[in-house]
Amino acid sequence: MHTDMDSIVDCYDVEYEHNNFGYNNKQWIMDNVDVYDHVTKVIRYHPKYFEHYIKTHRYLMYDDGPLPFTTRHYLAIIAAARNKCNYLVNLHEKEFLAEGGDTKWLNGLEFIPQKLRAIYDINKILAHRPWLLTKEHIERLTKGTNSWSLAEVVHAIVILSHFHSLSSFVFSCGLNQELDASLKNEPESPTVSEPEPVIKPSTTPPFIQRLKLEQQRMHQMMKEQEENKKILQQSNSQVLMNGVNSDNIEMLMKRMQDLSDKKKECSETELSNRFKNVELQAAQLTSPADVVIVNISPSISHYVDDPNYAYQDFARRGAENIPHTFRIQDYSWDDHGYSLVNRLYNDVGFLLDDKFRVAYNLTYKTLAGRQNVDTSKFRRAIWNYIQCIFGIRHDDYDYGEVNKLLDRPLKTFIKTACCFPDRITKQDYDSILVELLDSEKCFFSNSNHWTMDNVDVYDHVTKVIRYHPKYFEHYIKTHRYLMYDDGPLPFTTRHYLAIIAAARNKCNYLVNLHEKEFLAEGGDTKWLNGLEFIPQKLRAIYDINKILAHRPWLLTKEHIERLTKGTNSWSLAEVVHAIVILSHFHSLSSFVFSCGLNQELDASLKNEPESPTVSEPEPEIKPSTTPPFIQRLKLEQQRMHQMMMQQEESRRILQLSNNQMMMNNGVNSDNIEILMKAMQDLSEKKKECSETELNNRFKNVEIQTAQLISPTNTEKTFEIPPSISHYVDDPNYAYQDFARRGAENIPFRVQDYSWDDHGYSIVNRLYNDVGFLLDDKFRVAYNLTYKTLAGRQNVDTSKFRRAIWNYIQCIYGIRHDDYDYGEINQLLDRSLKSFIKTACSFPERIKKQDYDTILTELLDSEKVHVNLMILEAKNQAILLYALREIMRYML
């Protein structure tokens with residue numbers, strides 16, 4: 001997950017390569033939600049669900065798909081308007097205009113094209129009585145003039161359903177009126193008593209200035225979050241002290257326990273009768289006739305046709321009882337819906353399936369402040385009761401559990417939220433389930449749950465990676481999957497592997513970071529005393545760690561065999577998980593050093609001040625009688641506004657620095673012109689070379705690389721810092737040039753064993769799904785381009801990028817047979833090759849000064865991009881050697 005979502009600092013006016021990624025420079029990113037969409041802020045408090053929600057939302061509204069972007073946002077508008085949700089209507093009116101939509105459409109349904117108008121009946125039915133939808137509705141839409149394709153219909157229906165249900169969420173949290181007002185009344189300056197701190201220009205390099213500004217922001221955020229927790233705790237304590245009867249919770253917990261213990265079998269007839277009983281009871285809770293009618297707001301009424309059409313209880317359909325109850329055994333999401341939607345609208349089935357699964361299974365094992373509570377019965381009762389309201393029956397479920405676990409007020413609240421969401425106010429939200437904490441009522445995350453927020457507060461390296469958001473999405477998803485999701489290895493073992501991998505590369509920063517993570521996962525403190533104190537099973541993998549770090553070509557199937565046999569043996573799945581983690585952190589260490597971050601970021605965490613490093617005093621946050629839910633939103637608004645101002649200053653500083661850099665006499669912009677001409681020439685001249693000539697050119701580059709740097713010709717040996725030396729065995733074991741091995745110099749030929757044809761499938765087979773994640777990450781890193789170079793636009797950098805990637809893998813003895821290695825010498829100068837080799841082979845020797853003096857013509861964003869390629873090309877090279885030996889062992 002996302003995958004802290006607070007503002008990827010988009011310092012660069014760049015454009016993604018549309019063919020590779022399906023994005024343009026108007027790309028919708030999670031930051032926009034964070035600045036403008038308060039509903040999404042609330043969802044964010046459950047980060048595991050948020051990751052899947054935001055990915056699905058973005059795919060539906062902003063990625064490639066059958067429908068134009070303006071049509072998508074208009075569908076969102078009419079779906080939200082059908083539910084009288086002003087807030088979502090206003091939000092997507094802005095999005096519609098931002099996408100270049102015709103302003104006439106916002107005058108109402110009479111002004112939209114006939115094709116779009118034709119889907120309105122389906123929108124109305126889906127909003128209130130989805131059981132009345134028939135194949136004839138679909139048929140009318142797909143035939144005649146202005147017809148829809150089936151793919152367009154599916155895309156539209158998924159969007160409409162998404163916003164009908166999102167409207168229920170908005171109202172059920174009591175957000176519509178308050179958040180709508182909060183946007184309209186948002187002040188032009190932060191609503192704090194102190195003046196905004198002045199951030200003065202500095203001669204410090206812009207790269208470090210951005211980090212310092214972020215540190216200040218993160219520190220302030222942490223203080224505000226601490227205040228939020230205090231307010232929430234005070235509120236929850238008050239709730240428990242008031243007239244709330246905590247016996248209700250004990251009673252609920254006892255019933256859940258009893259239902260788990262007693263597994264009485266019921267006949268099919270009895271199960272059917274219990275479903276009908278719950279269905280009839282639901283029909284008696286509320287109806288259009290016994291509640292106050294809520295009028296449609298005049299500001300959105302022009303988007304609504306037939307306003308009196310509303311939900312009608314499924315159980316009130318009369319003797320004919322048509323349509324019949326929707327039985328999951330006849331048509332289910334898993335067996336039917338998932339495959340159909342995936343077939344007609346590529347990949348959305350996967351996204352929806354993940355989102356449904358996470359929402360259904362999400363638990364923190366807490367209830368009203370009590371720990372280690374199994375809430376599965378309670379959650380399933382809520383899920384199945386909601387679907388019962390819409391006439392859907394799960395045949396394997398005993399609906400008698402609904403009445404045992406959900407009281408009448410809760411069932412009334414749920415039904416109103418689903419069927420008449422506009423009737424719910426903030427007062428309803430506050431008065432329902434008063435025994436529960438806000439975290440359980442409305443998406444407030446468990447403080448111990450790992451999220452991308454934690455990365456952003458503590459991990460500055462990840463902040464730097466975030467400057468390339470498209471790559472960051474795949475990086476953070478892979479990183480989280482390896483370290484925090486289900487997998488063969490225990491969480492403590494994963495973090496200890498990260499520690500010994502980073503220590504092998506002398507990377508203090510990553511070692512310190514994962515020592516904290518190790519302890520947070522409940523790791524044994526003795527392990528942090530060094531390799532002598534860890535279990536023998538874990539100690540056994542250290543030789544593989546050492547080899548992968550420096551000479552991966554020396555790994556053999558015998559190493560794998562020794563690990564998987566005898567006492568304390570590893571399973572193959574565990575071996576693969578461990579190797580992927582080790583490779584990940586060996587390459588990540590190179591990235592840390594190649595950006596010159598290790599010492600500075602390590603020091604920045606140790607020396608972080610107790611108060612923000614700004615001249616003005618911290619604004620005092622005073623207690624308030626406002627409900628804590630609204631207090632949190634107001635605090636976030638203030639924080640967002642201040643962050644936006646700081647980001648604006650960051651952009652200004654960066655622009656000044658880049659302009660100055662281009663003007664300095666020491667920088668020769670002719671170098672860029674020469675590089676661009678060389679790339680152009682290579683693209684135009686496609687001279688065929690013999691296999692012998694290609695082989696000789698590879699050997700030539702390999703030999704030249706060996707002459708660049710070695711352990712004996714550097715100024716001094718870099719000793720392992722004492723603070724991490726206890727994690728390192730055989731410290732003199734280091735990289736040895738592949739070309740210096742004499743007669744044994746046999747290159748690793750990609751045509752014999754490649755990632756695409758071999759590595760990808762074997763890693764996926766032994767460690768489920770990680771192959772997909774790695775493949776996406778490698779692909780994005782390899783293809784990532786903004787078509788810019790040193791401020792020049794529309795530049796094809798593919799030759800330059802491929803030269804860097806293949807040169808990195810050449811350092812590890814890997815040869816791409818279809819590549820002319822002569823291009824490397826034409827595109828990469830000696831200083832850049834030396835930097836790349838050092839970053840890969842002896843990363844600890846790179847200082848911030850090296851980062852600053854290499855590729856001086858390029859912008860910071862482009863230099864970080866080069867370092868990302870070092871990270872991923874090295875990672876892939878290490879994995880190729882390791883996975884080849886695993887395959888040999890398995891044969």
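R779 and D776 pair up through their side chains in a salt bridge, with N and O 3.6 Å apart. Keep in mind that this is a predicted model. The two residues sit three apart in helix 36 (residues 770-783), so about one helical turn separates them. How open are they to solvent? R779 counts as partly exposed, because its relative accessibility is 34%. D776 is partly exposed too, with a relative accessible area of 27%.

Helix 28 (residues 542-550) offers another pair with this kind of spacing: K546 and D543 are three residues apart there, about one turn of the helix. Their side chains form a salt bridge at 3.9 Å, N to O. Which of the two partners is buried, and which is partly exposed? K546 is the buried one, because its relative accessible area of 13% falls under the 20% cut-off. D543, at 41% relative accessibility, counts as partly exposed.

Then there's D817 with R815, whose closest N and O atoms are 3.9 Å apart in a salt bridge. Here both D817 and R815 are buried.

Here are those three contacts side by side.

| Salt bridge | N to O distance | Accessibility class |
|---|---|---|
| R779 and D776 | 3.6 Å | R779 partly exposed, D776 partly exposed |
| K546 and D543 | 3.9 Å | K546 buried, D543 partly exposed |
| D817 and R815 | 3.9 Å | D817 buried, R815 buried |

How many salt bridges turn up in the whole structure? A search finds 40. Some charged residues are linked beyond a single pair: K48, E51, R480 and D485 belong to a network of salt bridges. As a general point, side chains of opposite charge can pair when their charged atoms come close.

Lysines also show up next to aromatic rings. K124 has its charged end over the ring of Y309, 4.8 Å from the ring centre. K115 does likewise with W148: the charged end sits over the ring, 5.4 Å from its centre.

On to contacts between the rings themselves. The structure holds 34 aromatic pairs. One of them joins W333 and Y338, with ring centres 6.2 Å apart and planes at 70°, so this pair is edge-to-face. Why does that angle make the pair edge-to-face? Because planes over 60 degrees apart are classed that way. W333 is partly exposed, having a relative accessible area of 25%, and Y338 is partly exposed as well, at 22%. Elsewhere, Y74, F96, W105 and Y303 make up one aromatic cluster.

What about nonpolar side chains on the surface? F326, Y331 and L340 form a nonpolar patch there, and together they have about 260 Å² of accessible area. L340 belongs to helix 15 (residues 333-344). Its relative accessible area is 38%, so L340 counts as partly exposed. That value also clears the cut-off for patch residues, because a patch takes residues with over 30% relative accessible area.

Zooming out, the protein chain has 891 residues, and 56% of them count as buried. Its secondary structure comes to 41 helices and eight strands. The accessible surface of the chain is about 39,500 Å², and carbon and sulfur atoms account for 50% of that surface.

Conventions:
Residues numbered from 1 in each chain as written. Predicted model: local features only at pLDDT ≥ 70, side-chain atom pairs only at ≥ 80, totals over all residues. Heavy atoms only, no water. Salt bridge = Lys/Arg side-chain N within 4 Å of Asp/Glu carboxyl O. Helix = DSSP H or I, 4+ residues; strand = E, 2+ residues; numbered from the N terminus. Buried < 20%, exposed > 50% of the residue type's maximum accessible area, 1.4 Å probe, protein only. Patch = residues over 30% accessible without salt bridge, like charges linked within 9 Å, V, L, I, M, F, W, Y side chains within 5 Å. Areas by Shrake-Rupley, 256 points an atom, 1.4 Å probe, with all protein chains shown as cover. Phe/Tyr/Trp six-rings, centres within 6.5 Å; stacked < 30°, edge-to-face > 60°. Lys NZ or Arg CZ within 6 Å of the ring centre and 35° of its normal.
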